[in-house]
Every structure is written in C-alpha cells, then in structure tokens.
Amino acid sequence: MAKHLELAGEWENISETGLDSLLQKLDVGFMKRKVALKVRPAQKISFDGDKMKLITESSVKSGEKVIPLDGSEISDEMFDKKAVVSATVNDDGSITVKGKVCDMDITTVRKIDQEGQMVLTTTIGGVECKRVFTRK
C-alpha cells in the first residue's frame, strides 16, 4: 500500500496554532476570523487512483473537492479566497499542495505524525498555521 493512503479516513480537528494570523494575512475580517477559531472541522479523505477526494464538514461551512495528485494545476478556494494550486505525493507519504492565493505563495502539507494524527500545515506569505486531526 502506498504510504499516502494512510491519510484515508475520517478525521476530527482537535487543535490548531496560527490560524488567526493566517486569516489576518488573507485580510479576513474580524468576525469571520473569530467564528473560524471556534469551528472544529471534520475531514473525510479518500483516494481514487491519482485523485484525493476531500470532504470538509463543520457547523458553519461544508464542502467537497477532488484534487489530482499528479501535479496538474486546478482552481480552488481557500479561506473564501480564489487560488490556483497543484498537489503531489512525497516519498514520505505526505501530500503537498502548492500554489498562489491573493498573489501570495501557499503551501499546504498533510501528513501522519508519529502518534498517528494527521497534521495539516498551511503556510501563506511566510505565516504558518498548523491544524492537528485525530481519527474519528
């Protein structure tokens, strides 16, 4: 089994650091930031060939996207901002998404840590946010 397939499953957000700073970097308004800090989204990840299906659910907003893992560019939306990104699978099984949002570089890495938790690290314009998820 390819190592990145370990990301498949249902995940529950248990903590985050740096989210408010990241949202400020994207010029997200005060009220939306405060709501975002209170929400604990769940993610369902599945794979079909070289595509990752990601379903995000929360009490505020839910969505579904299919992300090709072959490096091809797609239009996306991140934090209500338009983005153009591409995703690849790394040798260690992590998945990296790189692109541009609001004319800033964005990098998002999903990986399983040594405790079996999924760590989602997003960096935009030098500001980093780390979200930790545990299996449901």
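Look at the hairpin of β2 and β3 to begin with: two residues sit between its strands, and G49 there takes a positive phi near 65 degrees. Keep in mind that this is a predicted model, so every angle and distance here is computed from predicted atoms.

On either side of that turn, β2 covers residues 42–48 and β3 covers residues 51–57. The two strands run antiparallel and are paired over seven bridges. One of the contacts to look for joins D48 to K51, its bridge partner in β3.

Now step across to the other partner of β2. Strand β1, residues 9–17, pairs with β2 over four bridges, and the sense is antiparallel here too. To find this pairing on screen, pick W11 and look for Q43, its bridge partner in β2. So β2 has pairings with both β1 and β3.

Leaving the strands, what about the cysteines? Searching the whole structure turns up zero disulfides. A disulfide is a covalent bond between the sulfur atoms of two cysteines, and the cut-off used for calling one is 2.5 Å between the sulfurs. Why does C102 miss out? Its closest cysteine sulfur belongs to C129 and lies 15 Å away, which is too far for a bond. Seen from the other end, C129 is in no disulfide either, with the sulfur of C102 as its nearest cysteine sulfur.

Are these two cysteines buried or exposed? C102 is partly exposed, at a relative accessible area of 37%. C129, on the other hand, counts as buried because its relative accessibility is 3%, and the cut-off for buried is under 20%.

Methods:
Residues are numbered from 1 along each chain as its sequence is written. This is a predicted model: local features need pLDDT of at least 70, side-chain atom pairs count only at pLDDT 80 or more; totals for chains, interfaces and linings use all residues. Side-chain values use heavy atoms; hydrogens and water are left out. Buried means under 20% relative accessible area, exposed over 50%, partly exposed in between (1.4 Å probe, protein chains only). Two strands pair if DSSP finds at least two bridges between them.
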